[in-house]
Amino acid sequence: MLFPFVSCMDEDLSMLSTSIEVQPNFAIPLVSSTTTLIDLLPEDIEEMTFDDDNFIRVTYAEDSIAQVSSDSLLVIEDQSPTEESFVVGEINIDAFETNVSVTLDELVSNLDPSTANDIQQADQQASAAGIGGKAYFPPISPQSGGEYIEEGSDQFENILISEGELSIEVTNNFPIEISSLSLELRNNIIGSAPIGVFEYTNIPVDDSQSKSIQLDGTLMYSEIELSIVEFSSIGSGDDEYDTTRWVPVSLLEDNISISVSGNSIVASEGSVKFPEQAGVSETFSIEMEFDDDVRISLIDLSQGNFVYTYESSVNTTIQLDLEIPTLINSLGQSFTQNILIDNTELSGSQSFSLPIDDYSFDFSLSDSINRLNVNYSSTILGSTNFQDYNQNDQITLMLGMENLDFNLVKGYFGQTTTDIEEDLLDIDVGVLEEIGAGIFLETPNLRFIVDNSINIPFQINLDMIGYNDNESVSLEGPSIQVSPGEDMSGVISVSDFNQDNSFLPQLLAINPSEIIYSGNAITNPVTESNPNPEQTNQNSIIPGSGISIGFEMDLPLYLRMEDVKRMDTLVLNFGEDTENDYIDSISLKIHTENEFPFDVDLKILFTDSVSGFIQDSLDVELIEAAETDENGRTISANIYDSNVSLSSSQIDALINSNRLLLDITMNSFDNQNSAVRLYTDYQFNISLGAILELNTAE
C-alpha cells in the first residue's frame, strides 16, 4: 500500500437522514471530503522538507562517513641500521735512529790473533811515546769484525714493514783508512735471516759513508744484531819503518761510529705502541626506507633517536668524528658526534642512543633522494704500551634511527592507496516506500563533501550498492577528485552524483533496505589536467591531519509513479433506519476535483467495520490528472461528474455497510515519459450523493 496512513478527509454527514420519507425521488448526500497532498504523506518523516513554494523534498546528511588519517599515508618507520665497516689499515712508525760505536779494542778482540797482537803492540808503542805518540799500524786483511747487539726503536717490539727505508751511516774514527767494510743487519732472533747487507769501501780517516736499503715486506724487531762480516785496512802500509806513515793508536779511543736509522716506515702488523695519527676518512649513505616513488625533501622531527652500535678488534682507542650534513638542528647546525671506540672482543658490541628531537632532515641540501650522507673521519689515538696490531683489524659501525615522529613532512609522497572500509550508509531510504511504492525520482542528487586538511590531492573511488531482497543496484558514479589542503587548513571539495553521471535514480527506485559502501583513496592521482603529478605536486603533511568524507542526499519529489495504490476509509451512516422495501433504485452522484498530477483509478468498496467483510464494490471511471505546466506544476484541477446506477446487490451493500473504502490507484500522466512535481497544497475533492427512486405503489 503506497500511503499507509489514517484518512484525514473532512467528512460532513450532518445532512444524512436517519429516516426516509416516501417520495418518488429523493437525494441524500453521503460523503464529502477534501484531501491535500500533505494529508497523504506520513507524518513522522523527519527528513522531509518543504520549499518556499511548497515543493516537497526528502534530504539526508551526515558530516563524516569515512576518514583517511595522515598517519596511514606516511609512516616513518624505524630506520634499520646501516652497517659500515672499515679496517684500521697500515700505520706510520716514527723515524728512529740507533748508534753503535765499535772501539778499536772491540774490533781487535774479534780479529785473528796475529793481527790483534800487532795492533795491541802498536797501542803500547804509541802510549810509551807519550802524548802525541805514534806507531806503525799493521795492515788488516779482510776478516770478521764481530757482532754487536743494540736496541732499535722504542715504538715497537716487532713490525712487518710494508714499505720504508733503512740507512746505515759509517763514520771512520780510526787513524787508518778503512779499505772495506761489510755489515750485516739482522733481528736478534736465533735463526733470523739478514735484514740487509751494507758494503763500504775506502772510507778515509774522519770521513763517513752511508748506504740504504728498502724494507718492503721486512719483519723487523726492535733489538737488532749488527755483524761486521768483513773488515780490512792497509794500515800504515807495508813498510813498518816508514815513520812518516805512522799514526797515533788508542785501543779505547779509536772507533767506528755506526748509525742505523729507519725512515718513512709503514707497518702492516706487529706489536707496537700505536702512534696518534689520522685514520680512515670516508662517506657512506643511510637510505631512508620509503616506498619507491616517494621523494622526501624535508622532515621536521618532533622526536627521534639516533642510534649507533660498534664493534672493534683494534687494540687501541679510535676516535670517530661523524657528521650528517642534511640532519640539521634548530640553530641550523649539522648533526655531529664524536665517538670513542675501544676494543670490544671481550666486552661485545656497544650500543648508544642520542636524542635528535627537533632536528630536521633537509634533503634539499644535497642531490641525494631519501638518502642521508654520513661523513666520518677517524683518528688512531696513541698507546703507551705495546699492543698487537694488524692492518686488517676491523671496526664495524651500525647507524640507525628510532622512534621518529614528525611535525611536518614535505616532498612527493607517491601514489598510495588507502582502503575505505566497508560500512552501511546511515540513511533509511525506505522512507520513500512509506510515501509510495513504484516511485522513480527524476532528479535525485547525492553530494559527497570532502574536507581535506592534507596538502595532497586525492582521488576517492567509492563503491556503493543498494540492496532490497534479491535485487541490487550499483551506484557506479565518477571518481571524486579532492583538492589538496592549503597551508594545512581544510579545503572542501564537492562532487555530485545524479541521473546524468550515475545510477542513483535506479538505486533509489528499488527502495533499498540497506546501502553498503566501500572504496579507496589514492594520493596524487593522474588526471587529464595533471598527467605527471610526480613532477608537479609538492605534498606536505602534519600529524592529526586527514580527509573526512560526508554526504548530503537531496531527493526532490519530482517523480514518475506507476500503479501507486492507497486505501482510504470513510464513515457511512446511510443504512441506519432505512427501509429497503421502499427503494426502487439508487444511483450515486460522484463529483471530483483532482488537482493531483496523477490519473486516478477509483474503486468504491462497501464494507462493515465490525466484520470487515466487503459486501460489494463499484468501479468509477478513470479520473484524469490535472494538467501541468512545463515544470510539472499543476495548472488547474480536473473536474469530473458522473452518475452511476447501483445494482440490487450494490444497493443492499450500501444499505448494510457503515464504511466506504476508497481503493485508489494513481499513475503520473504518461508515466514512462513524464514526471511531475509534488507540492503540499495540491487538493483532491470528492463528494458522493445517493439519488433514490422510491416505490410509491405500496
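Start by selecting serine 33, which sits in strand 1 (residues 25–36); strands (E, at least two residues) and helices (H or I, at least four) are DSSP runs numbered from the N terminus. Serine 33 counts as buried because its relative accessibility is 3%, where buried means under 20% relative accessible area, exposed over 50% and partly exposed in between, with a 1.4 Å probe and protein chains only. The model is predicted: local features need pLDDT of at least 70, side-chain atom pairs count only at pLDDT 80 or more, and totals for chains, interfaces and linings use all residues. Residues are numbered from 1 along each chain as its sequence is written, and side-chain values use heavy atoms, with hydrogens and water left out.

Keep serine 33 selected and add leucine 219. These two residues are 186 apart along the chain, and 126 Å separates their C-alpha atoms.

Now zoom out to the whole chain. It holds 45 strands and 6 helices. Its radius of gyration is 59 Å, well over the 26 Å from the globule rule for 698 residues, so the chain is more spread out than a compact globule. That radius is taken over C-alpha atoms, and the rule is 2.2 Å times the number of residues to the power 0.38. Along the principal axes, the C-alpha atoms fill a box of roughly 205 × 45 × 35 Å. Of the 698 residues, 49% count as buried.

Colour by charge next. There are 122 negative and 18 positive side chains, and the centres of the two sets are 7 Å apart. Here Lys and Arg count as positive and Asp and Glu as negative, while His and the chain ends are not counted. Each charge is placed at NZ of Lys, CZ of Arg, CG of Asp or CD of Glu.

Go to threonine 418, in strand 25 (residues 417–424). Threonine 418 is buried because its relative accessible area is 13%. Which residues is threonine 418 in contact with, leaving aside neighbours within four places in sequence? They are Val68, Ser72, Leu73, Gly519, Asn520 and Ala521, contact meaning heavy atoms within 4.5 Å.

Select strand 38 (residues 598–607), where 8 of the 10 residues are buried. Strand 38 pairs antiparallel with strand 43 (residues 659–668) over 10 bridges; two strands pair if DSSP finds at least two bridges between them. To see one position in this pairing, pick threonine 607, which stands opposite arginine 659 in strand 43. Strand 38 also runs antiparallel to strand 39 (residues 614–623), joined by 7 bridges. There, lysine 603 has aspartate 619 of strand 39 as its bridge partner. The hairpin of strands 38 and 39 has 6 residues between the strands, and in it glycine 612 takes a positive phi near 75 degrees.

Add helix 6 (residues 648–656), whose buried residues are Gln650, Ile651, Ala653, Leu654 and Ile655. These buried residues pack against several strands, including strand 38, strand 39 and strand 1. Strand 37 (583–594) and strand 42 (638–645) are also among the strands they pack against.

Finish at an open sheet of 3 strands in the order 26-35-44, with antiparallel pairing. Strand 26 (439–441) and strand 44 (676–677) are its edge strands, each pairing on one side only. Strand 35 (residues 558–561) pairs with strand 44 over 2 bridges in the antiparallel sense. Select leucine 559 to find its bridge partner in strand 44, valine 676.
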